[in-house]
Amino acid sequence: MDTSFLAFISISIFVLITPGPDTALVVRNTIVGGRRGGVFTAFGIVSGQAIWVFATSIGIVALLVASEPVFHAVRLGGAAYLIYLGTRSLYEAARSGRWHDAAEGMPPAQRLSSRTAFTQGLASDLSNPKMAAFFTSLLPQFATPGDGAFANLMLLGAVFCLMTLAWLTLYALAVARAGDFLRRRNVRRALEGLMGAALIALGLRIAAEHR
């Protein structure tokens, strides 16, 4: 196997296992929506990555990264979306009384639809400017220049997307496996609050970052 491809796999694994907004969102949506919610969130995230890969391969993302105002607008938009999701989680965790009693007996799929989970994953990934910077800085280093560059970039991007899907799906399945425990009233409130705080912190960090 080509050494450059092995290097790409190694770097990709390091990126994937580093916790970030995608991981936090998958955990949060699995707690709220069960296994289906987590898996559909993962599909949404990977669909967003596939769009970034295609845009990188045809050069659009390079223009985005080169444009300071547009890049900052995407960065602030992504940060705002994460803060919104985190605030919503904190609000839901803080609610008490009948809502909790009803929600505790409600099937997870009814608390978070598959479409909503997918849309949240897609929006979260597309509004993350780090994806733009990541793909434009990583993929070209391992792509073969020349006429086959586009196909090579797409292939590398597809490999990364498949790795992401496998990793996030395993995350969702692991969280869902402990679903009965995690959906206990106090545990669910604590975890949803923790995930909400994590999403807000990630959003604030992205907003505060300088390019």
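Colleague: Is tryptophan 167 buried, partly exposed or exposed?
Modeller: In this predicted model, tryptophan 167 counts as partly exposed because its relative accessibility is 28%; buried means under 20% relative accessible area, exposed over 50%, and partly exposed in between, with a 1.4 Å probe and protein chains only.

Colleague: And which aromatic pair does tryptophan 167 belong to?
Modeller: The search of the whole structure finds two aromatic pairs, and in one of them tryptophan 167 meets tyrosine 171 edge-to-face, at 5.5 Å centre to centre with 80° between the planes. Rings of Phe, Tyr and Trp (its six-membered ring) pair if their centres lie within 6.5 Å, with planes under 30 degrees apart counted as stacked, over 60 as edge-to-face and the rest as tilted.

Colleague: Where do tryptophan 167 and tyrosine 171 lie?
Modeller: Both lie in helix H9 (residues 149-177), four residues apart, which is about one turn of the helix; helices (H or I, at least four residues) and strands (E, at least two) are DSSP runs numbered from the N terminus. Tyrosine 171 is also partly exposed, given its relative accessible area of 28%.

Colleague: Switching topic, where is glycine 20 found?
Modeller: Glycine 20 sits in the loop between helix H1 (3-17) and helix H2 (21-57), and it counts as buried because its relative accessibility is 14%. Its C-alpha is 8.7 Å from that of leucine 199, although the two are 179 residues apart in sequence.

Colleague: What about the chain's secondary structure, how many helices and strands?
Modeller: The chain has 11 helices and zero strands, and 45% of its 211 residues count as buried. Among contacts (heavy atoms within 4.5 Å) between residues at least 6 apart in sequence, 86% join residues at least 24 apart.

Colleague: Which elements have the lowest and highest mean pLDDT?
Modeller: Helix H5 (residues 98-104) has the lowest mean, 45, and helix H7 (residues 114-126) the highest, 91, where pLDDT is the predictor's confidence in each residue, from 0 to 100. Over residues 96-103 the pLDDT is below 50, and this stretch has 10 contacts in the model beyond near neighbours in sequence. The chain as a whole averages 76, with 68% of the residues scoring at least 70.

Colleague: What conventions should I keep in mind?
Modeller: Residues are numbered from 1 along each chain as its sequence is written, and side-chain values use heavy atoms, leaving out hydrogens and water. As this is a predicted model, local features need pLDDT of at least 70 and side-chain atom pairs count only at pLDDT 80 or more, whereas totals for chains, interfaces and linings use all residues.
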